[in-house]
Amino acid sequence: QVQFVESGGGLVQPGGSLTLSCAASGFTFNMYAMRWYRQAPGKERELVAHIDSIGFSINYVDSVKGRFTISRDNAKNTVYLQMNNLKPEDTAVYYCKNPKLNSWGQGTQVTVSS
């Protein structure tokens, strides 16, 4: 079955960095785009970043442009989200997802606080 396992979250001070990883299984990873989403307390889940199947086309929500970098390793069936200069408003549970499949992982908590 389709499975996503997110990891790498934690507590970090404002201005700090984290790298999230998402291991995917249950589908042919290198044939699909992948996305990172996040959901802050009391807010709807929002799309953060998108990468196509080969890493050529990449898009970000405006609030993270210049600070976050999405990448993928098709040999490892893994997508990453490098997050720099983190802000308190980045605090959320982060999820990866195949936009063509209706399946979510458990997410990984990112908390930005001093």
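Is phenylalanine 27 buried or exposed? I looked this up before anything else and found a relative accessibility of 15%, so phenylalanine 27 counts as buried. I note here that I am working from a predicted model.

**Entry: aromatic pairs**

I searched for paired rings and found that the structure holds five aromatic pairs. I then took up the pair made by phenylalanine 4 and phenylalanine 27, whose ring centres are 5.8 Å apart and whose planes stand at 55°, so I entered the pair as tilted. Looking up where the two residues sit, I found phenylalanine 4 in strand β1, residues 3–7, and phenylalanine 27 in the loop between β3 (18–25) and β4 (34–39), so this pair ties together parts that are 23 residues apart in sequence. I checked the partner's accessibility too, and at 2% phenylalanine 4 counts as buried. Following the ring pairs further, I saw that they link Phe4, Phe27, Phe29 and Tyr32 into a cluster.

I turned next to tyrosine 37 and tryptophan 104, where the ring centres lie 5.1 Å apart and the planes are at 70°, so this pair is edge-to-face, the cut-off for that class being over 60 degrees. Tyrosine 37 belongs to strand β4, while tryptophan 104 lies in the loop between β9 (92–97) and β10 (108–112), so the pair ties together parts that are 67 residues apart in sequence. For burial I wrote down that tyrosine 37, at 13% relative accessibility, counts as buried, whereas tryptophan 104 is partly exposed with a relative accessible area of 33%.

**Entry: charges over rings**

I also asked which residue lies over the face of tryptophan 104. I found lysine 97 there, at 5.4 Å from the ring centre. Elsewhere I recorded that arginine 45 has its charged end over the ring of tyrosine 95, at 4.0 Å from the centre of that ring.

**Entry: disulfide**

How many disulfides does a search of the whole structure find? I noted one, formed by cysteine 22 and cysteine 96, with their sulfur atoms 1.7 Å apart in the model. I placed cysteine 22 in strand β3 and cysteine 96 in strand β9, so the pair ties together parts that are 74 residues apart in sequence. When I looked up the accessibility of the two cysteines, I found that both cysteine 22 and cysteine 96 are buried. As a reminder to myself, a disulfide is a covalent bond between the sulfur atoms of two cysteines.

Note on methods: Residues numbered from 1 in each chain as written. Predicted model: local features only at pLDDT ≥ 70, side-chain atom pairs only at ≥ 80, totals over all residues. Heavy atoms only, no water. Phe/Tyr/Trp six-rings, centres within 6.5 Å; stacked < 30°, edge-to-face > 60°. Helix = DSSP H or I, 4+ residues; strand = E, 2+ residues; numbered from the N terminus. Buried < 20%, exposed > 50% of the residue type's maximum accessible area, 1.4 Å probe, protein only. Lys NZ or Arg CZ within 6 Å of the ring centre and 35° of its normal. Disulfide = S-S within 2.5 Å.
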